[in-house]
Amino acid sequence: MQKVYLDNAATTQLRPEVIAKMQAALGVYGNPSSTHSFGRSAKTGIEKSRKTIAKYLNAHPAEIIFTSGGTEADNMILRCAVRDLEVKTIITSKIEHHAVLHTAEELEKEFGIDLWFVDLDDCGNPRIDHLEELLNKNDSKKLVSLMHVNNELGNLLDIEAVSNLCENCDALLHSDTVQSVGHFEWNLEETKIDFLTAAAHKFHGPKGVGFAFVRRNSGLKPFIFGGAQERGFRAGTESFHNIIGLEEAFVQAYDNLEDEKKYVSGLKQYFTAQVKKELPGAKFNGLSGDMDKSTYTLVSVCLPFSQEKSQMLLFHLDLKGIACSKGSACQSGSDKGSHVLTEILSADDLAKPSLRFSFSKYNTKEELDYVIGVLKEFSND
């Protein structure tokens, strides 16, 4: 049986170069906070990684805070902004990752902040005119949190328009860029964003490590207490080998970005064309079928299958060795449908199965042909 992995938005395969760097890093066992040579060796590696990441993002090394991943980074930024920066209002959308939505909902309960949702158009894009209206609604200190690449639809946010609007309205801007960092260029000297987040395992790095970008002089205070690690923002002994793996994956992603983006874009373009040709009635959710307005790494497809057949679809694909998802990996095991698709699809389309296929440099057109063949066969059964 052929094995085809098309769930790269959930997690990605480790690059061989990353594995090699991490294996070597396991031999550096000193505590980075120790002052002896063993500790200094680890500390030097961590600071080198911080400087490397900052250089590629055109940021300052002090603005990179290593975390356990995107979820922790989102929690840290939102919670600390409310606690430390007198944020009274969070403006977000109903199709954000739950790391943002659930955190904002808890902050509303805990601190009594206002939680406002920007209106979406039919494709799931935040309406900039409504965002401007919300930003000017009153004089409260506001934080806007909108993801750059939606993890289920692939829609691309006009981050420059949003950042300019936030700057003009004296609002803070946070973006969950977990699906974006490693796949798109960032120049944080030019883009006026206050906070962003990343996770290594979304760009062929290890799980359990990521970072937050926190602009200098933000005023944020420690999130985890107990030590002076990460310039006091996050206490606890750093995961040295994971940080080294993150750095290598980050460097590989950006040094090869042009070629790999071209290759993966070609896969998505081919797949969308084959879906249109071989599966009449299929629809692309949001803007995921638009190569210019969505990420090149994923596509979300509403398939023209009956409700009865749809209940067996993922199971059938798994039996055929095909890995994809109904939505984000964080939703698996839940009886609830996708909160993202619920916001933008009609009742008729919600009754049909929607699948997210996400691509990487390790996929091939032959694999996509196999997937299309399995879906076509399933539709004809």
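Biologist: Which side chain makes a polar contact with the side chain of Glu 152?

Modeller: Keep in mind that we're looking at a predicted model. In it, Glu 152 sits in the loop between strand 5 (142–145) and helix 6 (159–168). Its side chain makes a polar contact at 2.5 Å, and the partner is the side chain of Ser 338.

Biologist: Okay, and how far away is the nearest side chain of opposite charge from Glu 152?

Modeller: Glu 152 is buried, and that nearest side chain belongs to Arg 356. A salt bridge has to be within 4 Å. Glu 152 has no salt bridge, as the distance to Arg 356 is 6.4 Å.

Biologist: Let's move to the nonpolar cores. Which helix gives the largest share of the largest nonpolar core?

Modeller: That core has 74 residues, and those with the most contacts inside it include Leu 57, Val 144 and Phe 357. The largest share is 8 residues, and they come from helix 7 (residues 240–255).

Biologist: How many residues are in the second, separate core?

Modeller: Ile 65, Val 82, Ile 113 and Ala 212 are among its members. The total for this second core is 23 residues.

Biologist: What about Ala 347, is it buried or exposed?

Modeller: You'll find Ala 347 in helix 11 (residues 347–350). The cut-off for exposed is over 50% relative accessible area. Ala 347 has 64%, so we call this residue exposed.

Biologist: Last one: what distance separates the C-alpha atoms of Ala 347 and Thr 67?

Modeller: Along the chain, Ala 347 and Thr 67 are 280 residues apart. In space, their C-alpha atoms are separated by 39 Å.

Note on methods:
Residues numbered from 1 in each chain as written. Predicted model: local features only at pLDDT ≥ 70, side-chain atom pairs only at ≥ 80, totals over all residues. Heavy atoms only, no water. Helix = DSSP H or I, 4+ residues; strand = E, 2+ residues; numbered from the N terminus. Buried < 20%, exposed > 50% of the residue type's maximum accessible area, 1.4 Å probe, protein only. Lys, Arg positive; Asp, Glu negative; His and termini not counted. Polar contact = N/O pair within 3.5 Å; in protein donor to acceptor, adjacent residues only side chain to side chain. Core = buried A, V, L, I, M, F, W, Y, C linked by side-chain atoms within 4.5 Å.
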